[in-house]
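Got your viewer open? Let's take a walk through this chain together, one selection at a time.

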Amino acid sequence: MIINHNISALRANSQLKVNNNKLTKSLERLSSGYKINRAADDAAGMAISRKMKTQIAGLEQSSRNASDGISVIQTAEGALNEVHSMLQRMRELSVQAANGTLTEEDREAVQSEINQLSSEIDRISTDTEFNTKTLLDGSLDRKSYSDNANIQVAGISDSVASGEYSITVTAVPEKAVLTGVAGTAFSGTGGTVAAGEAGKININGEEVIISAGETREQVIEKIRNLCDQVNVDVSDTSGGSLSANTAVLRFETQAYGSDEELSIICDNTVLANALGITGINNTSDFGADGGIGLGTSFSSTATISYDNKYAVVTDYTGFEMKFDLSKAVTGNTANITVLDAGPMVLQIGANENQIVKISIPEVSTETLGIENLNVCSEEGAQDAITLVDNAVNKVSEVRSKLGAYQNRLESAISNLDVSAQNLTEALSRIEDVDMAEEMAIYTQQNVLVQAGTSMLAQANERPQTILSLLQG
């Protein structure tokens with residue numbers, strides 16, 4: 001009988017341990033808020049919840065990445081907004097300079113402001129940064145490489161597929177050029193302009209008056225300033241001083257192409273002889289466009305146009321490649337490698353290769369085609385209006401592209417946030433404890449533990465009845 005009573009106590013103790021363990025686990029779940037606190041609680045649930053937590057953390061970080069990308073775009077777009085404002089001012093100044101009521105000095109003042117605006121556009125191109133990354137200097141554009149240093153890629157559109165392209169130069173772009181011969185000293189006192197040597201010199205429609213008594217330095221300065229007004233460079237091919245009596249004057253347009261014309265007219269043959277320009281007096285020269293042949297990878301529907309020193313290849317769906325031929329030689333070939341590398345890569349997903357590439361082309365006076373903007377003449381001012389209009393359109397294209405990127409990233413952020421929210425809800429159903437249900441379990445187990453403790457005490461006291469009989 002005593003043995004039976006001991007077995008009862010052991011059984012009560014065993015059941016008490018079971019209930020106590022269940023109570024401890026219930027208390028742990030209530031304290032942590034999780035129904036899976038270790039792998040033993042739910043091995044499959046633990047594995048699933050870890051994966052989901054990793055995914056949720058990745059989605060949340062991706063959302064922040066996309067927000068950072070929007071900040072980059074807004075920084076670049078804000079700078080381009082200022083470029084737009086400056087271009088609009090330059091156009092206004094060009095329209096003003098085109099008016100015939102302005103004097104030469106007035107146009108020079110207008111040109112001075114245009115020069116400052118051009119310098120600021122180039123400064124914005126090189127100095128606009130986000131986290132030390134420059135945005136508008138072309139470093140975030142697609143990379144391309146030429147195996148010929150004389151033929152460089154000046155720009156490629158997003159529609160150009162990565163791969164190998166080849167071209168052959170069939171003609172090089174040329175400037176309009178007129179070259180004189182060695183001049184002679186003026187016959188006036190001290191080598192100044194004599195009365196019979198005075199006259200007018202007209203270059204591309206703009207003229208300057210050469211007066212008696214002027215020194216050769218003063219005459220050359222007037223000619224040089226006149227050339228500046230019409231985007232013409234003047235130099236001495238003999239290698240000496242430009243103002244030397246024997247200097248050989250060479251005039252050339254700053255731009256290339258068949259649209260470039262250079263004409264020189266001097267109304268005094270004696271003056272022309274002294275300057276060595278008799279042979280080019282009352283003559284004109286025209287520039288010439290470059291020429292290329294298309295090799296591998298180009299479609300049969302591709303077309304070629306020429307602008308200044310550039311050859312531009314275009315095709316369907318926005319395909320465009322621009323080549324700088326200013327240093328090329330006829331017969332040169334170039335193999336062009338276009339890479340996917342270069343654009344800023346934004347990781348906007350929780351997994352590998354869930355990315356968006358942001359490509360921002362260089363925005364400078366050269367890429368906008370206004371590096372030689374000159375309003376010092378009426379003709380130059382008229383041309384400047386069209387050039388600035390084209391530049392405005394190019395900046396608008398870049399800003400539209402950035403706006404599309406931003407809209408895409410905002411949609412991506414919304415999608416990421418919704419995905420993270422839904423995954424969090426799913427994770428909660430797997431991992432989080434149901435407090436109401438668990439509290440009921442805890443209460444049940446607590447009662448059972450208390451009852452078990454009481455019953456164990458009762459079982460331990462039962463042998464005492466036998467002892468009392470023996471003692472009696």
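## A guided tour of the chain

Start by showing the whole chain as a cartoon: you should find eight helices and 19 strands. Its radius of gyration is 42 Å, well over the 23 Å that the globule rule gives for 472 residues, so the chain is more spread out than a compact globule. Keep in mind that what you are looking at is a predicted model.

Now turn the chain around. Along its principal axes, the C-alpha trace spans about 165 × 45 × 35 Å. Switch on the surface, and you have about 24,000 Å² of accessible area, 49% of which belongs to carbon and sulfur atoms. Of the 472 residues, 40% are buried. Try colouring by charge next: there are 34 positive and 62 negative charges, and the mean positions of the two groups lie 18 Å apart.

**Stop 1: three strands in a row**

Select residues 303-307, which are strand E14, together with E15; the two strands pair in the antiparallel sense over five bridges. Zoom in on Ser305, and look across to its bridge partner in E15, Val312. Only a short turn links these strands: E14 and E15 form a hairpin with two residues between them, and Asn308 in that turn has a positive phi of about 60°.

Add residues 320-324, strand E16, to your selection. E15 and E16 also run antiparallel, joined by five bridges. Here you can pick out Ala311, whose bridge partner in E16 is Phe323. This hairpin has five residues between its strands, and Thr317 in the turn has a positive phi of about 55°.

So is strand E15 mostly buried or exposed? Four of its five residues (the strand covers 310-314) are buried, so E15 is largely enclosed by the rest of the structure. While you have strands on screen, here's a handy thing to know: in a regular strand, side chains alternate between the two faces of the sheet.

**Stop 2: Met344**

Move along to strand E18, residues 344-347, and click on Met344. Its relative accessibility is 12%, so it counts as buried. What does Met344 touch, apart from its neighbours within four places in sequence? Show Val72, Lys133, Leu140, Val356, Lys357 and Ile358, and you have its contacts. Then try a distance: Met344 and Asp141 are 203 residues apart in sequence, yet their C-alpha atoms are 8.3 Å apart in space. Links across the sequence turn up throughout this chain: of the contacts with a separation of 6 or more, 71% join residues 24 or more positions apart.

**Stop 3: two glutamines in helices**

Select residues 104-127 to bring up helix H3, and find Gln111 there. With a relative accessibility of 8%, Gln111 counts as buried. Not counting residues up to four places away in sequence, Gln111 touches Leu373, Asn374, Val375 and Cys376.

For the other glutamine, go to helix H6, residues 378-431, and highlight Gln406. Gln406 is buried too, with a relative accessible area of 18%, where the cut-off for buried is under 20%. Beyond its neighbours within four places in sequence, its contacts are Ile70, Ile73 and Gln74.

**Last stop: a loop**

Finish at Asn37, in the loop between helix H1 (2-32) and helix H2 (43-97). At 26% relative accessibility, Asn37 counts as partly exposed. Draw one more distance, from Asn37 to Ala350: the two residues are 313 apart along the chain, and 25 Å separates their C-alpha atoms.

Note on methods. Residues are numbered from 1 along each chain as its sequence is written. This is a predicted model: local features need pLDDT of at least 70, side-chain atom pairs count only at pLDDT 80 or more; totals for chains, interfaces and linings use all residues. Side-chain values use heavy atoms; hydrogens and water are left out. The radius of gyration is taken over C-alpha atoms; the globule rule is 2.2 Å times the number of residues to the power 0.38. Buried means under 20% relative accessible area, exposed over 50%, partly exposed in between (1.4 Å probe, protein chains only). Contact means heavy atoms within 4.5 Å. Accessible areas come from the Shrake-Rupley method with a 1.4 Å probe; for residues, only the protein chains shown count as cover. Lys and Arg count as positive and Asp and Glu as negative; His and the chain ends are not counted. The place of a charge is taken as NZ of Lys, CZ of Arg, CG of Asp or CD of Glu. Two strands pair if DSSP finds at least two bridges between them.
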